[in-house]
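Subject: A structure for you to look at

Hello,

Here is the structure I promised to pass on. Please open it beside this email and follow along.

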Amino acid sequence: MEPISRRSFLAGVCAVVALGGSEVPAAANTAVKKLPGGRLSVDLKAVPALAKVGGATRIGSVKGVPVAIARTGTSKYIAFNLLCPHQKVTVTQNEKGWVCNAHGSEFESDGDLALGPATTGLARVPMKISKGLATIG
Ligand code: FES
């Protein structure tokens, strides 16, 4: 095995931080507004990751809990929190869905459980949608 250079290692770390540390894609920042009581208002059509059925993205924090929205149908969306049900570590998004780096649990893009040790999917968060605007929390 070839040793990894310091530059390659740092580039990888920066890429992971950039993917995991961002709450919302830059283009979607204007789509999300904070509401009183720690809730969020989201203009669903202005979030690029939700343009297609099956899309999902971390959208921000609701009452201090990291939350994502997934598009599950043409006009169906769900919100769920990103705390792993196993031991409450925040999951990160990958190409298949969500993964918990603490002990390896995996979740589908809509938060359903794919692989333990977690025994349930990511917990749903209440969301109301009216005229394309979602209120979460
Ligand atoms: S905290 Fe997520 S798998 Fe253990």
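First, a term you will need: helices and strands are runs assigned by DSSP, at least four residues long for a helix and at least two for a strand, and they are numbered from the N terminus. Also keep in mind that this is a predicted model.

**Overall layout**

Read along the sequence, the pattern is α-β-β-β-β-β-β-β-β-β-β-β-β. That gives 1 helix and 12 strands in the protein chain. The chain has 137 residues, and 33% of them are buried. Its accessible surface comes to about 8,300 Å². Carbon and sulfur atoms account for 57% of that surface. Now take the contacts between residues at least 6 apart in sequence: 38% of these join residues at least 24 apart.

**One sheet**

Look for an open sheet of 4 strands. The strand order is 3-4-5-10, and the pairing is antiparallel. Which strands stand at the edges? They are strand 3 (56-62) and strand 10 (124-125). Each has a single partner strand, so one side of each is left without a neighbour in the sheet.

Next, try the pair formed by strand 4 (residues 65-73) and strand 5 (residues 76-81). They run antiparallel to each other and are joined over 6 bridges. To find one of the partners, start at Ala68: its bridge partner in strand 5 is Phe80.

**The cores**

The largest nonpolar core has 17 residues. Val42, Ile59, Ile69 and Ile136 touch the most other members. Strands 2, 3, 4, 5 and 12 (133-136) each supply at least two residues of this core.

Click on Ile69. What does Ile69 contact, leaving aside neighbours within four places in sequence? The list is Val42, Leu44, Leu50, Gly55, Ala56, Thr57, Ile59, Tyr77, Ile78, Ala79, Met127 and Ile136.

There is also a second, separate core. It holds 13 residues, including Ala70, Leu82, Cys100 and Ala118.

**One serine**

Finally, go to Ser41 in strand 2 (residues 40-43). Is Ser41 buried or exposed? Its relative accessibility is 12%. Buried means under 20%, so Ser41 counts as buried. Not counting residues up to four places away in sequence, Ser41 touches Ala31, Val32, Lys33, Leu35, Leu133 and Ala134.

Best wishes

Conventions. Residues numbered from 1 in each chain as written. Predicted model: local features only at pLDDT ≥ 70, side-chain atom pairs only at ≥ 80, totals over all residues. Heavy atoms only, no water. Pairing = 2+ DSSP bridges. Buried < 20%, exposed > 50% of the residue type's maximum accessible area, 1.4 Å probe, protein only. Contact = heavy atoms within 4.5 Å. Areas by Shrake-Rupley, 256 points an atom, 1.4 Å probe, with all protein chains shown as cover. Core = buried A, V, L, I, M, F, W, Y, C linked by side-chain atoms within 4.5 Å.
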